[in-house]
Amino acid sequence: MPDEPTAPDEPTAPLAFADLALRPELLKALTSLGYEEPTPIQREAIPMLLAGRDLLGQAATGTGKTAAFALPILERLASMPERADPMALVLVPTRELAVQVSEAIHRYGRDLGARVLPIYGGQPIERQLHGLRRGIDVVVATPGRALDHIARKTLQLHALEVVVLDEADEMLDMGFAEDIEAILEETPAERQTVLFSATMPARIDKMARRHLRDPARVLMGREAMAPGEAPLVRQSAYLVTRAHKAAALGRVLDVEMPTAAIVFCRTREEVDQLTQTLNGRGYRAEALHGGMGQEQRDRVMRRVRAGTAELLVATDVAARGLDIDSLTHVVNYDVPSAPEAYVHRIGRVGRAGREGVAITLAEPREQRMLKTIERVTKQRIDIQKVPTVADLRARRLGMTRASLEETLMEGDLDGFRTVVETLTEQFDLMEVALAAVKLAYEATGAAADEVEIPEVTPRADSPRPARPTGGSASRYESGPSSRRDGGPPGRQDSGGKRPPRPQGPGMARIFIGSGSSAGIRPQDLVGAIAGESSLGGREIGAIQIAERFALVEVPEASVDEVIRALKGTTIKGRKFSVRRDRG
Ligand code: AMP
């Protein structure tokens, strides 16, 4: 009998990492990364995985799920004798995730000497062969490439003790169901199996029933809150890529102009870095995290309370229990790791009938988490566009106008009269006034930071875009493995002629100047698009691959973003031309 689902609630288990029976090398790695406490999903999952249970977890990106499965894998690895063949295999939908997850495991397991290798389509196979030959402990792979290596006998799964299916719903959406089945068949029956998925549709349940043995379950945000439990504040979110986060935060702060704000970060490192960046940009920011002594913290809080600092950049742990009267804004620099954490954070503002504002910066991959938070809190989070350079300019001009108006009302301007009088001998009065306004405007710091931040289009989770060939729940009628045997009819090689397939409603077509002759397969395109843009695998429409080119349908609203993303990436190690197809 599977366990009753447990919802990871905040107040239940204030468990620290040190309580989790992890070895000192791992605890040290976590401290050096600036993690202060386990996330709810980690608290629930780690003890069960350490006990050897299979696990079915509902968790999206942002919940800390990677560490939740990686730490028990590393703990197990450390207790095993050294061997050549991998003891754990993590399957992920995209190459970006393969790289990200493998880097994370490497960071956590550095002091244990863990050997981790990402293998994914698009990277030359030789490099991966070399890595595999040297001996590897944990392989993080996309299903297609994993199968390639299994067929070549370069990936041996007989010694596997743990298999993780990460973002299982995305993998199914991308048509990897058959590949996953084929891979699991090659693994020892007594392995430990972990399945993480952001959503739990029937197909995932079926998969779990087939491959997991008496799994423990960890469900995120299972119970909705009663109305009124979550504080009423204006809530909005901005979608930005990691690279533009700090700039976007500055832009949002400039438009919002908080009297005082807490900016929440996940780790101590992030707190320190962001505080530095913000101070460099001219804000008065103070850092607060668990690595600071009491005296230091008191000093920071005095500055914030006295209004000497306008921004307090803090981790959840450090900000727990703080009460700041003047607080107008709460900013989540990252999406919090659980809906409960979100509610705790935003509860800092909007007290005693004052209007509060909660702002969340979310990376494209974290949108699922935002949706979960909306569902649990039964409150809407408006997705807004990051203010553009024009918005910012308009705002600063407004401020300049207001200060000039104030100065005019105050009077006492005679001391400057001779300057204007002498200038008007040479220039028109209007021009003199314009120059003075320009100076005042520039004094607001307007010259800095005037770079456009690329817009990220929100992913449309529902309704799903219509797919011309429709019918199947999966992207491809028969999944990537059978595509290798020729693929579904009309999907792949169309002999170089432009196929007359109609576009689905609301969809646009993108032309890619590389095709089957360069080894491009549908899953390479899906992987590149899903990994590099905010589109999810299921939002991508029909894909046609000809010898020398490929056509991909994407929602009209995302065309520009996808083109930008594809232009900035390589497939099979190569750059290629990308444009909108109007044919
Ligand atoms: P994930 O949901 O696994 O993609 O993790 C999201 C982010 O949270 C990653 O940047 C991790 O480095 C970070 N993270 C994971 N666990 C913790 C933790 N306990 N405390 C702080 N940050 C964490």
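Let me start with one definition: contact here means heavy atoms within 4.5 Å. Keep that in mind when I say that a helix lies across a strand. And please remember throughout that this is a predicted model.

Good, so let's open with the first sheet and the helix that needed that definition. Helix H3, residues 65–78, lies across S2, S4, strand S5 (162–165) and strand S6 (192–197). Against S6, helix H3 runs at about 165 degrees. The sheet underneath is an open one of 7 strands, with parallel pairing. If you want to trace the strands on your screen, the order is S3-S4-S2-S5-S6-S1-S7. Which strands sit at the edges? They are strand S3 (116–119) and strand S7 (216–219), and each of these pairs on one side only. From one strand to the next, the twist averages 10 degrees.

Let me zoom in on one pair in that sheet. Strand S2, residues 88–91, and strand S4, residues 138–141, pair in the parallel sense over 4 bridges. If you'd like a residue to click on, try Ala88, which stands opposite Val138 in S4. Another helix to find here is H4, residues 95–108, which lies across S2, S3 and S4. Helix H4 runs at about 180 degrees to S3.

Now to the part I suspect many of you came for, the ligand. How many residues surround the ligand? There are 14, and the closest are Tyr35, Gln42, Gly62, Gly64 and Thr66. Sorted by class, that shell has 3 nonpolar, 8 polar and 3 charged residues. Let's walk through some atom pairs. Gln42 places a polar side-chain atom 2.8 Å from a nitrogen atom of the ligand. For Glu37, a backbone N or O atom lies 2.8 Å from a ligand nitrogen atom. Then there is Thr63, with a polar backbone atom 3.1 Å from an oxygen atom of the ligand. On its own, the ligand has 500 Å² of accessible area, and the protein covers 82% of that.

Next stop, please scroll along to the second sheet. This is an open sheet of 4 strands with antiparallel pairing, in the order S16-S17-S15-S18. Its edge strands are strand S16 (543–545) and strand S18 (578–581), each pairing on one side only. On average, and ignoring direction, neighbouring strands of this sheet are turned by 25 degrees against each other. S16 and strand S17, residues 550–555, run antiparallel and are joined by 3 bridges. Within that pair, Gln544 stands opposite Leu551 in S17.

This sheet has helices packed on it too. Helix H20, residues 522–532, touches strand S15 (507–512), S16 and S17, and its direction makes about 130 degrees with that of S16. Helix H21, residues 559–567, touches S15, S17 and S18, and its direction makes about 155 degrees with that of S18.

One last residue before I let you go: Pro231. Where is Pro231 found? Look in the loop between S7 and strand S8 (234–239). Its C-alpha atom is separated by 9.0 Å from that of Arg348, although the two residues are 117 residues apart along the chain. Leaving out residues up to four places away in sequence, Pro231 touches Val343, Ile346, Gly347 and Gln379.

That's my tour, thanks for listening!

Conventions:
Residues numbered from 1 in each chain as written. Predicted model: local features only at pLDDT ≥ 70, side-chain atom pairs only at ≥ 80, totals over all residues. Heavy atoms only, no water. Near = heavy atom within 4 Å. Polar contact = N/O pair within 3.5 Å; in protein donor to acceptor, adjacent residues only side chain to side chain. Areas by Shrake-Rupley, 256 points an atom, 1.4 Å probe, with all protein chains shown as cover. Nonpolar A, V, L, I, M, F, W, Y, C, P; charged D, E, K, R; others polar. Pairing = 2+ DSSP bridges. Helix = DSSP H or I, 4+ residues; strand = E, 2+ residues; numbered from the N terminus. Axes fitted to C-alpha atoms, helices over the stretch in contact; angles between N-to-C directions.
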